Amino acid sequence: MSFQAYLDTIEAKTGLTPRQLIALAEKRGFGPGTKAAPIVEWLKDDYDLGRGHAMALVHVITKGATISDKHVGRDGAHSDASTTLWLDGAASNPAG
């Protein structure tokens, strides 16, 4: 599953875009420098997200929307189209 696919699946499960979840995380005091464990626990407790999906959100909460180009433009299940993740909802993603 691509990084973007994780975020799109989280949106489908929670009804919230990644950007909305980031805003909720900020209200809880989560951001750069926050360890993964409290974020993962919050996402599990409030949204029933598993560790893999939660860790995708941990990345965008603590590091922003940029990812490594390691899987960009490559074949396979983990391939992403860009190093910049779309946080404003799957339906509005210009990449489709």
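The exercises below work through the core, two helix packings and four residues of a predicted model.

Residues are numbered from 1 along each chain as its sequence is written, and side-chain values use heavy atoms, with hydrogens and water left out. Because the model is predicted, local features need pLDDT of at least 70 and side-chain atom pairs count only at pLDDT 80 or more, while totals for chains, interfaces and linings use all residues.

**Exercise 1. Find which residues have the most contacts inside the largest nonpolar core, and which helix supplies its largest share.**

Step 1. A nonpolar core is a set of buried Ala, Val, Leu, Ile, Met, Phe, Trp, Tyr and Cys residues joined through side-chain atoms within 4.5 Å. Buried means under 20% relative accessible area, exposed over 50%, and partly exposed in between (1.4 Å probe, protein chains only).

Step 2. The largest such core holds 22 residues, and Leu 7, Leu 57, Ile 61 and Leu 85 have the most contacts inside it.

Step 3. At least two residues of this core come from each of helix 1 (3-14), helix 2 (18-27), helix 3 (36-47) and helix 4 (51-63). Helices are DSSP runs (H or I, at least four residues), numbered from the N terminus. Helix 4 gives the largest share of the core, 6 residues.

Step 4. Take Ile 61: not counting residues up to four places away in sequence, it touches Ile 22, Ala 25, Phe 30, Gly 31, Pro 32, Ile 39 and Trp 42. Contact means heavy atoms within 4.5 Å.

**Exercise 2. Describe how helix 4 packs on helix 3 and on helix 1.**

Step 1. Axes are lines fitted to C-alpha atoms, for helices over the stretch in contact, and angles run from 0 to 180 degrees between N-to-C directions.

Step 2. Helix 3 and helix 4 have axes 9 Å apart and pack at an angle of about 125°. They are therefore oblique to each other, since angles under 35 degrees count as roughly parallel, over 145 as roughly antiparallel, 65 to 115 as roughly perpendicular and the rest as oblique.

Step 3. On the helix 3 side the contact includes Ile 39 and Trp 42; on the helix 4 side it includes Leu 57 and Ile 61.

Step 4. For helix 1 and helix 4, the axes come within 9 Å and cross at roughly 105°. This pair is therefore roughly perpendicular. Among the residues making the contact are Phe 3 and Leu 7 of helix 1, and Leu 57 and His 59 of helix 4.

**Exercise 3. Decide whether Gln 4, His 59, Leu 24 and Asp 48 are buried or partly exposed.**

Step 1. Gln 4, in helix 1, is buried, as its relative accessible area is 12%. Its side chain reaches the backbone nitrogen of Trp 86 at 2.7 Å. Leaving aside neighbours within four places in sequence, Gln 4 is in contact with Asp 80, Leu 85, Trp 86 and Asn 93.

Step 2. His 59, in helix 4, is buried at 18%. The residues His 59 touches, not counting those up to four places away in sequence, are Phe 3, Gly 64, Thr 66 and Ile 67.

Step 3. Leu 24, in helix 2, is partly exposed at 29%. Leu 24 touches Leu 16, Trp 42 and Tyr 47, not counting residues up to four places away in sequence.

Step 4. Asp 48 lies in the loop between helix 3 and helix 4 and is partly exposed at 44%. Its phi is near 55°, a positive value in a residue other than glycine.

Conventions
Polar contact = N/O pair within 3.5 Å; in protein donor to acceptor, adjacent residues only side chain to side chain.
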